[in-house]
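Visitor: I am new to reading protein models. Please take me through one, feature by feature.

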Amino acid sequence: SNLAGTFVHFRELAGSSLLGSIVKNIVDRDTPAFVRSLVLWVLIAIPATVTNSMLRFLEASLSLSFRTKLVRLAHGRYMAKDTYYKVSNLDTRLPHPDQCMTEDICHFCDQLAKIYSQVSKPLFDIHILTFQLLYMIVVKAGWSRISQPLAFGGAAVCVA
């Protein structure tokens, strides 16, 4: 999953740069360069689509695995000996307790499966953005002008 996420991030960087060159080629009316850029963009987009679909599939598989284990646990603890039937016949304040529990388990497992990608993707975005900005600054200003602010920033992050 991390490798696929890495591929998606680098594909996004390459894709955004490529989209800029496509627009430049349109403005410059450079048809051969436009066609080359468009073909390259399609060649990047196809694996990216497969990777995104694979990530969604793996997330859904993880959710299904969590749900299967949690449903078995809930059934063993709370629905043994027809407990849910006794609750539903007790009064009408809790309609369909078995269905409520199933929906809650389903929603909980879906959210639990998404936690990893929701936490790791923003952190990885920050790392990529930092390294990309650092690279651009070093190329423009040179390493000697960036070393002091970089050391100060690193110390500030470590202290915080």
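Guide: Start with disulfides, pairs of cysteine sulfur atoms within 2.5 Å. A search of the whole structure finds zero. Cys-106 is in no disulfide, and the nearest cysteine sulfur, that of Cys-109, is 7.4 Å away. This is a predicted model, where local features need pLDDT of at least 70, side-chain atom pairs count only at pLDDT 80 or more, and totals for chains, interfaces and linings use all residues. Residues are numbered from 1 along each chain as its sequence is written, and side-chain values use heavy atoms, leaving out hydrogens and water.

Visitor: Is Cys-109 buried or exposed?

Guide: Buried means under 20% relative accessible area, exposed over 50%, and partly exposed in between (1.4 Å probe, protein chains only). Cys-109 is buried, at 1%. Cys-106 is partly exposed, at 24%.

Visitor: Which residues make the nonpolar surface patch?

Guide: Patch residues have over 30% relative accessible area and no salt bridge (a side-chain nitrogen of Lys or Arg within 4 Å of a carboxyl oxygen of Asp or Glu). Nonpolar side chains (Val, Leu, Ile, Met, Phe, Trp, Tyr) are joined within 5 Å, like charges within 9 Å. Here Leu-19, Leu-38, Trp-41, Val-42, Ile-46 and Val-50 make a patch of about 510 Å², by the Shrake-Rupley method with a 1.4 Å probe, where for residues only the protein chains shown count as cover.

Visitor: Which helix gives the most to the nonpolar patch?

Guide: Helices are DSSP runs (H or I, at least four residues), numbered from the N terminus. Helix H2, residues 31-78, gives the most, with five residues. Leu-38 lies in helix H2 and is partly exposed, at 35%.

Conventions:
Helices (H or I, at least four residues) and strands (E, at least two) are DSSP runs, numbered from the N terminus.
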